[in-house]
Amino acid sequence: MRSRIWFVAVLLVFSQLAALSAQELSTGRQRLVANELEGPLLEVHFLDVGQGDSIYVRTPGKKHYLIDTGTRSARKQIIPYLQYLDVKALDGVLLTHSHLDHIGALYYIADAFPIKRLYYSGHVHPSSHNRKTVQRLKDKNVALRRVRAGDTFELEEGVKVQVLHPGKDWNGDVEDPNNMSVVVRLTYGDIDFLLTGDAEKQSEKQILKDKLELKSEFLKVGHHGSETSSTEEFLDTVEPLYAIVSCGEGNKFNHPHASTMEKLRARDITILRTDQNGTIGIYTNGKRVMIKIKGKDWQPVSFLVRPPVNGAGWIVVHNRGGSYA
Ligand SMILES: [Zn+2]
């Protein structure tokens, strides 16, 4: 009985805390961001699109980019989310590869928003949906830009993209689009994001051979956390603080694989998953980072609080070697 009273008391305290934090949060994300992080921010949102990948990037100068577009039905999440964020046009879409869980909604997104440029490997698997998609992009005058390892460009001054894969002499294996994945390292100040598409072990090996700087605070885990990606050597070189897995709840591929999760845990890497955390928003001023984890309903005040937490719904981290008291 006594333990029950305690339980109710604890529950009451928690519900009050939850109400309080909801109230604070409802005052708007801008104020919270401004309170915690100073300076122009880069935002990287890993969207909850079920089984698939879609990442929205907003630069400090308010340019808008999308990396992959989930499956066809992901349009129902991506388009309203971009509208909610007041995106009117996309400065670029990076397509890692042409599997349906990455290219699927691009056809519809091209209808909903003007797109300036598509960055891709130069290879699109010739399925009928993909052909229709490419035709739609051409009809809409989207510039197509083939990117290869060694290319670097800036989304705007100070926001750098380094292409790590596929290599210049890699002509693609139609049977294996995963290993044609465009892999990029996105850098703003001291903070790096390694975004891998569905690159598998073979691609990771190729990337490691080039001996470029790969160390990144954030790693988008390759191929939805499948056991075909994330070799020990790759993880030890990238040395991420956070790993993001983009996958659908109860997906038929059993992504992510238990062995991949074990490798991440063994290295003390914090795992964030779109199937469990919903959309994951990462905000950085190039020195410090805040992570916002949202529920699945796109409501701006719906947050899940998960450890390690500093502030309601926000996880505050700092870059390696930095300090935050
Ligand atoms: Zn995929």
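Is H102 buried or exposed? Keep in mind as we go that this is a predicted model. So, H102: 26 other C-beta atoms sit within 10 Å, and the cut-off for buried is 20 or more, so H102 counts as buried.

Where is that? H102 belongs to helix 4, residues 100-103. Leaving out residues up to four places away in sequence, H102 touches G52, D53, D68, T69, L95, T96, H97 and G197. Then there's D198: 96 residues from H102 in sequence, and 9.2 Å from H102 in space, C-alpha to C-alpha.

Okay, on to helix 7, residues 201-209. The buried residues here are S203, E204 and I207. Look down the axis of helix 7 and its buried residues stay within an arc of 100°, so they line one face. That fits the usual helix arithmetic: an α-helix has 3.6 residues a turn, so residues three or four places apart point the same way. Over on the other side of helix 7, K205 and K209 are exposed. And what do the buried residues of helix 7 pack against? Strand 8, strand 9 (183-188) and helix 8 (232-238). Just after helix 7 comes K211, with a positive phi near 50°.

Since strand 8 came up: strand 8 (residues 159-165) pairs with strand 7 (residues 152-156), antiparallel, over 4 bridges. F153 has V161 in strand 8 as its bridge partner. Their hairpin has 2 residues between the strands, and G158 takes a positive phi near 95° there.

Last stop, the largest nonpolar core. It has 72 residues, and V184 and I244 touch the most other members. Sequence neighbours up to four places away aside, I244 touches F46, F218, K220, V221, L272 and I280.

Terms used:
Residues are numbered from 1 along each chain as its sequence is written. This is a predicted model: local features need pLDDT of at least 70, side-chain atom pairs count only at pLDDT 80 or more; totals for chains, interfaces and linings use all residues. A nonpolar core is a set of buried Ala, Val, Leu, Ile, Met, Phe, Trp, Tyr and Cys residues joined through C-beta atoms within 7 Å. A residue is buried if 20 or more other C-beta atoms lie within 10 Å of its own, exposed if 12 or fewer, and partly exposed in between; C-beta atoms are placed from the backbone. Two residues are in contact if their C-beta atoms, placed from the backbone, lie within 7 Å. Two strands pair if DSSP finds at least two bridges between them. The arc is that of the directions from the helix axis to the C-beta atoms.
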